[in-house]
Amino acid sequence: MKKLQTHKMEVSIDKHSSHLEQFKPFYKQLDEEGKTIEKLPRERLEDYQLKAINATLAHVWEHNEYYRSKLEESGFTAPEIENLDQLASVPMLEKDVIRGDKDKILCVESKDIGQVHLTSGTSGKPIYTAYTLADQYVYDLLPKYLELFKETEDDVAAVALPYEFALPGLGFQRLFQFAFGTAVLSIGKGGYMAPVDKSLELLKEYQATVLATTPSYAALLVEESEKYGIQIGKDIRLKKIWLTGEGCSSTFRERLEKWWGCEVSFFYGSTECGVIGVECSKHNGYHIMEGHVKVEIIDPESGKVLPHGRTGEIVVTTLLREGMPMVRYRSGDLGVLRKSKCDCGITMDVLQLRGRKEHMLRIGEEDYSPFIIEHFLMELPEVGLWYHLKLDQGSLIIEAEKFRTELSNDQLANKIKQHMADRIGIDCEVVIRDDIPRTFGKATRVFT
Ligand SMILES: [Zn+2]
């Protein structure tokens, strides 16, 4: 039998009990069968999900006034659904309801909170999430995804994600340390204690094998390495990069694979919901991490659940949370969900991300995802990884940088213009710049 990785540490919390304890035997059983949740037959997976949703509904009904009142208003007399389709009758949770309110959906006493995270609050007040210690170190680590994650204790993982406020830095830190026993280099994103040159030096000194970061920071680290005389592929030899935080197109991802000389995969999660989806080695979309979350796609206007294959807003229900469960949380992200027919054998549904609702670009009469435009732009190897998309009265202006090319600015601008017309039928204006600002934060590429 294949030897399974084991979680390296468990937090023991005296007299701790939760509605989630009942799922420990399920995962233990899987371990004993030498399986993970990733390849379970759908019936068994969905049976688990129904139980976990009902456990969550019972928990929020019992411990949170807001959730309970909403359920009662929708006609629930008990916190229970009979099948997964009935999840559609559970009220959705809107961002605006919890924005700036740290207690609204809190389901434990404040003394039981172990960690607080905040969203960056770029569009107003932040959203708070509170985790108990058990959320972080016990329940969150119950589902294993050993097909999706190949990290082991022999790896050294650099986490170049924000540690302040948001979840990503600490989330990856826990995953690597506690699930895989990996040494972690907490380099953050160019903060006061960790300038880029020192971070690169650390990757080199400790022979990092894994990097978790954002697409733009992965690009920035390569550019900076040239400045400091550190050779990627020689001084730093990664075997895997996890990208998260910002979306990007598959062509951008492939460009990073070339630069870094290793596999680059997407990881989709959020500070509110934690892990949501992960790309397998086939790179055909994100497998939903169905041990942790139930994902639905809804029509953003009517709120009705859409069948597989239709694009809509992503709605997430967390399955293994006691501190602050998210029940049918409207993420604001757009995507399309499909049954898995993936060659990797993973049975968990596959999600394609389409970006955020508010980031869609209205060009002429059509809405375009910035990732689609990026995808076609990045098909041209002469275009660098830093660019802006701007809208001027319904027409698109692309600002791009040259990358290792002899073409003149005019030649490249014409080439891009022609390429976008041929590939996607968009007539755009192109400006070649050499001063698009690099960022340590979230890269802003779209201006509307
Ligand atoms: Zn797959």
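Visitor: Which residues in helix 8 are buried?
Guide: This is a predicted model, and burial is judged by counting C-beta atoms: a residue is buried if 20 or more others lie within 10 Å of its own. In helix 8, the residues that meet this cut-off are Pro-215, Ser-216, Tyr-217, Ala-218, Ala-219, Leu-220, Leu-221 and Ser-225.

Visitor: What do the buried residues of helix 8 pack against?
Guide: Helix 8 covers residues 215-227 and packs on the sheet, where it touches strand 3, strand 5 and strand 6. Its buried residues have further partners among the helices and strands. The full set is strand 3, helix 7, strand 5, strand 6, helix 9 and strand 16.

Visitor: What angle does the direction of helix 8 make with that of strand 6?
Guide: Both directions are taken from the N to the C end, on a scale from 0 to 180 degrees. For helix 8 and strand 6 the angle is about 135°.

Visitor: How far does helix 8 reach from its first C-alpha to its last?
Guide: Helix 8 has 13 residues, and at 1.5 Å a residue the expected reach is 18 Å. The value in the model is close to that, at 19 Å.

Visitor: Which residue with a positive phi follows helix 8?
Guide: The helix ends at residue 227. The residue in question has a phi near 70°, and it is Gly-229.

Visitor: What is the order of the strands in the open sheet?
Guide: The sheet has eleven strands with mixed pairing. Its edge strands, strand 4 and strand 10, each pair on one side only, and the twist averages 35° from one strand to the next. The order is 4-3-5-6-7-8-9-13-12-11-10.

Visitor: Which residue of strand 7 stands opposite Lys-240?
Guide: Lys-240 belongs to strand 6, residues 240-243, and Val-210 stands opposite it. Strand 6 also runs parallel to strand 7, with four bridges joining the two. In strand 7, the residue opposite Lys-240 is Glu-263.

Visitor: What is the handedness of the crossover from strand 6 to strand 7?
Guide: The chain leaves strand 6, passes through helix 9 and arrives at strand 7. This β-α-β crossover is right-handed.

Visitor: Why is strand 7 described as largely enclosed by the rest of the structure?
Guide: Strand 7 covers residues 263-270, eight in number. It is largely enclosed because the count of buried residues among the eight is six.

Visitor: How many residues lie between strand 7 and strand 8 in their hairpin?
Guide: The two strands run antiparallel and are joined by four bridges. Tyr-268 stands opposite Gly-277 in strand 8. The number of residues between the strands of the hairpin is three.

Visitor: Is Lys-239 buried, partly exposed or exposed?
Guide: Lys-239 lies in the loop between helix 8 and strand 6. Not counting residues up to four places away in sequence, it touches Thr-209, Val-210 and Cys-262. A buried residue needs 20 or more neighbours and an exposed one has 12 or fewer. Lys-239 has 15 C-beta neighbours inside 10 Å, so it counts as partly exposed.

Visitor: Which helix gives the most to the largest nonpolar core?
Guide: That core has 111 residues, and those with the most contacts inside it include Ala-158, Ile-241 and Val-316. Leaving aside neighbours within four places in sequence, Val-316 is in contact with residues including Cys-273, Ile-276 and Met-326. The helix that gives the most supplies six residues, and it is helix 2.

Terms used:
Residues are numbered from 1 along each chain as its sequence is written. This is a predicted model: local features need pLDDT of at least 70, side-chain atom pairs count only at pLDDT 80 or more; totals for chains, interfaces and linings use all residues. Two strands pair if DSSP finds at least two bridges between them. Two residues are in contact if their C-beta atoms, placed from the backbone, lie within 7 Å. The expected span of a helix is 1.5 Å times one less than its number of residues. A crossover is right-handed if, with the strands pointing away from the viewer, the path from the first strand over the helix to the second runs clockwise. A nonpolar core is a set of buried Ala, Val, Leu, Ile, Met, Phe, Trp, Tyr and Cys residues joined through C-beta atoms within 7 Å.
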